[in-house]
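Colleague: I should like to go through this chain with you, beginning with its overall form and then turning to its interior.

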Amino acid sequence: MKKFNYKTKSLIFMIIVLVSFFGFSDSYSQINAGGVPMSSLMQLSPDFNSVTLPAVDTKRAIEEDAVVSNTADMPFRYGLTVDVNFNLSNSGTWETLSDGSRIWRLGIKSDDAQSLNLIFNNFYMPKGAYVFVYDLNKIKVIGAFTEINNSVDGQFATALIPGSYCIVEYYEPVYSAGQGRLSISKVVHAYKDISGFNTFLELPCNININCPVGAPWVTQKRSVARMTFIQGGSGFLCTGSLINNTLNNRTPYFLTAEHCASDNWATLVVDFNYESPTCNGVQTGPTTSLNGATLKASNFDTDFRLLLLNNSVPAAVNGYFNGWDNSGSQPQNETAIHHPGGAIKKISVDNNPAQSVTGFGGRLANGFWQVVWDQGMTEGGSSGCPLYDQNHRVVGQNLGGTPGQCENPQSVQKVFGKFSESWTHGGNTDNQLKNWLDPNNSSVATLDGIDDLTGVAPVSGFTSNAQDLPIGGGNVDFYDLTTNDPTSWSWSFPGANPSTSTQRNPTGISYTATGAYTVSLTTSNAFGTNMKTIVSYIKVAGVPLTPIVLQSPPAATTVMVSASDPTLYQFSWSSSTVASSVKYIFKIKKIGLNPEYSLTSDDNGLDSAISLRKSYLDSLAVTMGLTGDSVRCTWRAAVTNGLDTLTASSFSLTLRRITVGINQISSIVPDKFNLYNNYPNPFNPKTIIKFDIAKSQAVKLKIYNMLGEEVATLVNQNLTPGSYSVDFDGSSVSSGMYFYRIEVQDFSQTKRMVLIK
């Protein structure tokens, strides 16, 4: 074992991690008690044990996958298991807290892994104890796993943690000391990125479930989940779905394919709502996972497997139990909802009647439905997904077929084991569906689905046939994706025509002007109201922009400004595209992490310059914060078409104030009296003289020529301690060298300056 030292992380980084952790909740959760790890709440030792697993031969695994890539009844392999034996006694580091409670931490590293998940063969949490698992920076945190996660057989598995390193953190209170059991038997090293952390494995012709084609399936999609499991030393994934029974009692039966076989169903992890909330998105919304199941029935002939999940479906899932049709009637059109390559939820549609075929691999003659997808595609990872008929009832589950491809989808045939044949073909409880899904022997041929939750408010959602419109805009059709049976709809389309609608699926909403537009949908039913808002959902493109370059003033310029100077000072840059929607934005800020001040030019893109009064620049200098009599700034310009913006690199600039009369620039008491060099020097016709007064007394500041004659008296009065500046205007005297002298009690100082006209 080796030590892992967190001290290499900077304090700033840790603060950012903690702020982000407490400010935002992870969109993923297994059944857990929530909360945050103790290491995020208090200062723990930076040192704890970390283990590095033996190297995993991912190259060989990829070569093996290539050999079986055309085997239609193979589940999708994503990882290899590493056998380990890590427990509270032989691994990790214990730390005792001031109240006598203890924390155990163990770091686990597997080089080059895309993600890691853990299999526990002895998991028991006593009262008050809990476990978290997280990545190095706590971007992904799962837990707390507590006594609610205990099972009779002591088996447990975690969902995926991204990256090649994870940390297990166990907390044990004093009153449960020594009672907890935590033994890790396997680590799944994912050599494929099945969660889209960095790459996406599914074919590009797959369609997100929350695209317009998925709108009619907003209810059934809530039944479908991604499943990961262990088989023969590897990690695999398939798709499955909740299925209703004639008692309508919401027993958590889960239908998938027979070839999706686990060595240990107690370590199954099922991910519900693993989908993008939008049509074009790649990131998931809130996802909930369940752990563990029991096998109830399976049959190779029709390739079905029926599981009973170990837990009831949590309310957070908002689940749905699919209806079914066991009559064997030919479906007139078919739909599949699935997770190809482990990706976020997708939908595929065949607009033609399914054909009755014989399952490959020696399976039942005419025991399968064959489909050819008109929209979308199924592939590895889709195995076990439900096939729905035109009545939204399940009529089969996915076995596989010819390899998926997008170039010629009509040449791809996919087959699904018939639900009607799986109903009684096996002949007994262990290999047919009837005993489990019709326990009261109702003999019904069809059964509708049922919501897991009843009497709840809707959860608003929507999609559209377009989000990015060309220059000039266009019309958009919107589709309601709201769950829980809404009865009224109120749409808001600010900036569009019309700007509101009460239709369920409003069409022809017109957007014309370049820009980004927010869309809101409020839905209601008898149990409540809910609103969904997506900012910048619709975008209308602007004219293409060409980059701009700053021209003047050049970098490192000093601009003399004054509160009484009305003259204009010009900033200029090269031109971009000329169009009615194009605007330029002038930006200026004090150097450093400071706010930027912006001015917009409303000139149809014709004016690539801005002129500002020096009096305005003077007030801006004061607002930004002077250092002495000046402020160092950066300025830049940007061009926008109303949606996109191109910004030029910045130039440095100093704004220096020309004082009028005596100006106290600081009230901080100087250590001593001092007279500074004037600036500018040489000058024409004005210059500024700065001096420090250490204590209150009479002060004189005078100007003399080369002959020692007094030219001007700039100061002759009592001044309080501080720093001052005064300006000298040489307009009335000739060019030459001059002397300026300050006199106070017990101190005098003289300096020279040059006036050049």
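**Overall form and interior**

Modeller: The exposed surface of this predicted model comes to about 31700 Å² for the chain, and carbon and sulfur atoms supply 51% of that area.

Colleague: How many helices and strands are there in the chain?

Modeller: Both kinds of element occur in this chain. The helices number five, and the strands number 58.

Colleague: Why is the chain described as more spread out than a compact globule?

Modeller: For 757 residues the globule rule gives 27 Å. The chain is well over that value and is therefore more spread out than a compact globule, its radius of gyration being 36 Å.

Colleague: What box do the C-alpha atoms of the chain fill?

Modeller: The box is taken along the principal axes. Its dimensions are roughly 125 × 65 × 55 Å.

Colleague: Which residues touch the most other members of the largest nonpolar core?

Modeller: That core holds 32 residues. Elements giving two or more residues to it include β6 (102-109), β7 (115-124), β12 (165-172) and β13 (181-190). The residues that touch the most other members are I108, L118, V168, L182 and I184.

Colleague: Which residues is I108 in contact with, leaving aside its neighbours within four places in sequence?

Modeller: I108 is one of the residues touching the most other members of the core. Its contacts beyond those neighbours include V51, L53, F86, L118, V168 and I184.

Colleague: How many residues does the second, separate core have?

Modeller: Among its members are I548, Y569, V639 and L653. This second core is made up of 28 residues.

Definitions and conventions
Residues are numbered from 1 along each chain as its sequence is written. This is a predicted model: local features need pLDDT of at least 70, side-chain atom pairs count only at pLDDT 80 or more; totals for chains, interfaces and linings use all residues. Side-chain values use heavy atoms; hydrogens and water are left out. Helices (H or I, at least four residues) and strands (E, at least two) are DSSP runs, numbered from the N terminus. The radius of gyration is taken over C-alpha atoms; the globule rule is 2.2 Å times the number of residues to the power 0.38. Accessible areas come from the Shrake-Rupley method with a 1.4 Å probe; for residues, only the protein chains shown count as cover. A nonpolar core is a set of buried Ala, Val, Leu, Ile, Met, Phe, Trp, Tyr and Cys residues joined through side-chain atoms within 4.5 Å. Buried means under 20% relative accessible area, exposed over 50%, partly exposed in between (1.4 Å probe, protein chains only). Contact means heavy atoms within 4.5 Å.
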